[in-house]
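Visitor: I would like to understand how the descriptive terms used for this structure are justified. Could you take me through them one at a time?

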Amino acid sequence: MGASKGGTRLSGMQKQVLSMYRGFLRAARSKSLEHRRQIESVVSAEFRRNSKQVDRKNFIYIEYLLHRGKKQLDQLNSPDTVGLSSLNVEGN
Amino acid sequence: MALRAAVLRHIRVPVQTLGLKSNPRAPSGSIRLMSSHDDHLSKEEVADRVLSVVKSFPKVDPSRVTPEVHFQKDLGLDSLDSVEIVMALEEEFKLEIPDKEADKIDSCNLAIEYIHNHPLAS
């Protein structure tokens, strides 16, 4: 989708993405230090990967990612969840 | 008369200085100009701490950081990096910055301004 550069005004969808990124980083703060670092690195890698790979005009796919992210964030915010793990099924 | 003198000689009244105890927070000597709280951070301190947080960000070249720099235009960061910097500032100053405000903070100057004006920054 392209993380915005140069301080142009953010679109509504970009704001949603940044807000979600903030949400994940906040959720990570509530976990143990070890898990926090691990969550931060997984989340940051995922957002950066999508910011490079997803076409910024592919709104339907971005909506889908936002929807999926919201569910993952809700789960991460539960006190029962201690950490995150990622599974690379594409193998790239 | 003799009786009065005799009585007065034996009376001891504890000496009390009026006024000082009654209002311990009263300004003594110094004048506080329109300050609503005593431990508010000075702008210099806020600026120093903001700059040191930005300098310690891994992708930033510390020698380029001045109060005037724009995160994205001058430091080559993107919007995800800006989010991380503002989150790091939240922790440094023990604040929670709402999304609406956080989206606007895109330079050291704006960060310093916002934090300096925030009543809970510590």
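Visitor: In which sense of crossing, left-handed or right-handed, does α1(A) pass α4(B)?

Guide: In this predicted model, α1(A) passes α4(B) in a right-handed crossing.

Visitor: What makes α1(A) oblique to α4(B)?

Guide: Two packed helices are described by the angle between their axes and the distance between the axes. Here α1(A) and α4(B), the latter covering residues 79-93 of chain B, pack at an angle of about 40°, and their axes lie 10 Å apart. Angles under 35 degrees count as roughly parallel, while 65 to 115 count as roughly perpendicular, and the angle of about 40° therefore makes α1(A) oblique to α4(B).

Visitor: Which residues make the contact of α1(A) with α4(B), and how do they divide by class?

Guide: From α1(A) come A:Gln14, A:Leu18, A:Tyr21, A:Arg22 and A:Leu25, and these meet B:Ser79, B:Leu80, B:Val83 and B:Met87 of α4(B). By class, the contact between the two helices holds six nonpolar, two polar and one charged residues. Leu and Tyr count as nonpolar and Arg as charged, so A:Leu18 and A:Tyr21 fall in the nonpolar class, whereas A:Arg22 is charged.

Visitor: How many residues does each chain bring to the contact between chain A and chain B, and which element gives the largest share on the side of chain A?

Guide: Chain A contributes 16 residues and chain B contributes twelve residues. On the side of chain A that touches chain B, the elements giving two or more residues are α1 (12-29) and α2 (33-53), and the largest share, seven residues, comes from α1(A). The residues on that side of chain A divide into six nonpolar, six polar and four charged.

Visitor: Why is B:Lys94 called exposed, and what is stated about its phi?

Guide: A residue counts as exposed if 12 or fewer other C-beta atoms lie within 10 Å of its own; B:Lys94 has 9 other C-beta atoms within 10 Å, and is therefore exposed. B:Lys94 is found in the loop between α4 and α5 (99-102) of chain B, and has a positive phi of about 50° although it is not a glycine.

Visitor: What helices and strands do chain A and chain B have?

Guide: Chain A has three helices and zero strands, and its pattern along the sequence reads α-α-α. Chain B has six helices and zero strands, with the pattern α-α-α-α-α-α along its sequence.

Visitor: What share of the residues counts as buried in chain A and in chain B?

Guide: A residue is buried if 20 or more other C-beta atoms lie within 10 Å of its own. Of the 92 residues of chain A, 20% count as buried, and for chain B buried residues make up 25% of the 122 residues.

Visitor: Which domains does UniProt list for chain A and for chain B?

Guide: For chain A, an unreviewed UniProt entry lists "domain: Complex 1 LYR protein" at residues 15-75; over those residues the chain is 87% helix and 0% strand, with the end C-alpha atoms 22 Å apart. For chain B, an unreviewed UniProt entry places "domain: Carrier" at residues 44-119, where the chain is 61% helix and 0% strand and the end C-alpha atoms are 16 Å apart.

Methods:
Residues are numbered from 1 along each chain as its sequence is written. Chains are lettered from A and ligands numbered from 1 in the order in which they are written. This is a predicted model: local features need pLDDT of at least 70, side-chain atom pairs count only at pLDDT 80 or more; totals for chains, interfaces and linings use all residues. Two residues are in contact if their C-beta atoms, placed from the backbone, lie within 7 Å. Helices (H or I, at least four residues) and strands (E, at least two) are DSSP runs, numbered from the N terminus. UniProt positions are given in the numbering used here, feature names are shortened, and annotations may be inferred rather than shown by experiment. Axes are lines fitted to C-alpha atoms, for helices over the stretch in contact, and angles run from 0 to 180 degrees between N-to-C directions. Angles under 35 degrees count as roughly parallel, over 145 as roughly antiparallel, 65 to 115 as roughly perpendicular and the rest as oblique. A crossing is left-handed if the near helix is turned anticlockwise from the far one by less than a right angle, and right-handed if clockwise.
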